[in-house]
Amino acid sequence: MHLYVNTIDLWYTFIDEITEELLDSYLPLLSDDERKQHLRFVFERDRRRYLVTRALVRTVLSRYVDVPPAEWNFAANAYGRPEIMNEHDGVKDLSFNLAHTNRLVMLGITFGRAIGVDTECFGSREAPLEIVDRFFAPTEIIALKALPKEDQSHRFFEYWTLKESYIKARAMGLSLPLDKFSFELQPAITLAIDSELSDSPSRWWFRQFTIEDHLVAVCAERVGDHDPQLVLKRTVPLRIE
């Protein structure tokens, strides 16, 4: 599959759509380390989610580069983010990022740019508003607390998914303090960054939307003068269409 330079493909699958037969077919795709990790999970739901996640990553990457799903190699960077270690043609400029909830697994794929993806299921739980003062920037705290109580939970998830997508695109995780950058959502998503983070807001493009009862945020590095095109692709790994 050809991926244009200014395109981001966002693949997603719902875990409850995966049959037991398909789950069994995912196990041979895993590396030895992944099989060991799969067995470490105490709860069946966690083992299932992990298996679907690894199958999605491996099968989707193989749509873009001629590497069999079972032959992808990954290693964590200094901040724990997985990176592709294969040296096949076409791999060098391929970027990916993964996000999941208990029901949904999402995988962003792009070429020649950094990417971060995050998702939260706002339909299944209330936001932990008690952590706002610890992790949000002052402008975000003020804007959130000015909302009616019934709207604060959704605004929390809007901020949280955007923040997660940004730190994932930077590939530095929570080493970036969440209160040192902030978002405004109206009339468009805009980012402000404290100078100590050594970054420019103009470097980044954001998109936020919902899929069923999930809020999704995508952060991507700008390349050239045009915004990237986001293409949603619903799939079930290894299912014959």
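**Close-ups of a predicted model**

**View 1. A helix lying across three strands.** In this predicted model, helix α3 (residues 44–61) lies across β1 (7–14), β4 and β5. Check how α3 sits against β5: the helix runs at about 25 degrees to that strand.

**View 2. The sheet and its two edges.** Now for the strands themselves. Four of them make an open sheet in the order β4-β5-β1-β11, and the pairing is mixed. At the edges you'll find β4 (94–100) and β11 (229–234); each has a single partner strand, so one side of each is left without a neighbour in the sheet. On average, neighbouring strands here are turned by 20 degrees against each other, ignoring direction.

**View 3. Zooming in on β4 and β5.** Strands of a sheet pair through backbone hydrogen bonds, either parallel or antiparallel. For β4 and β5 (residues 104–111), the sense is antiparallel, over 7 bridges. Want a spot to look for? Find Ser-95, which stands opposite Thr-110 in β5.

**View 4. The largest nonpolar core.** This core has 29 residues. Tyr-26, Leu-61, Leu-107 and Ile-109 are the ones with the most contacts inside it. The elements giving two or more residues to this core are α1 (20–26), α3, β4 and β5. Helix α3, the one from the opening view, provides the largest share, with 8 residues.

**View 5. Another core, set apart.** Away from the largest core lies another one, made of 28 residues. Members you can pick out include Ala-114, Ile-131, Leu-197 and Cys-219.

Definitions and conventions:
Residues numbered from 1 in each chain as written. Predicted model: local features only at pLDDT ≥ 70, side-chain atom pairs only at ≥ 80, totals over all residues. Heavy atoms only, no water. Pairing = 2+ DSSP bridges. Helix = DSSP H or I, 4+ residues; strand = E, 2+ residues; numbered from the N terminus. Axes fitted to C-alpha atoms, helices over the stretch in contact; angles between N-to-C directions. Contact = heavy atoms within 4.5 Å. Core = buried A, V, L, I, M, F, W, Y, C linked by side-chain atoms within 4.5 Å. Buried < 20%, exposed > 50% of the residue type's maximum accessible area, 1.4 Å probe, protein only.
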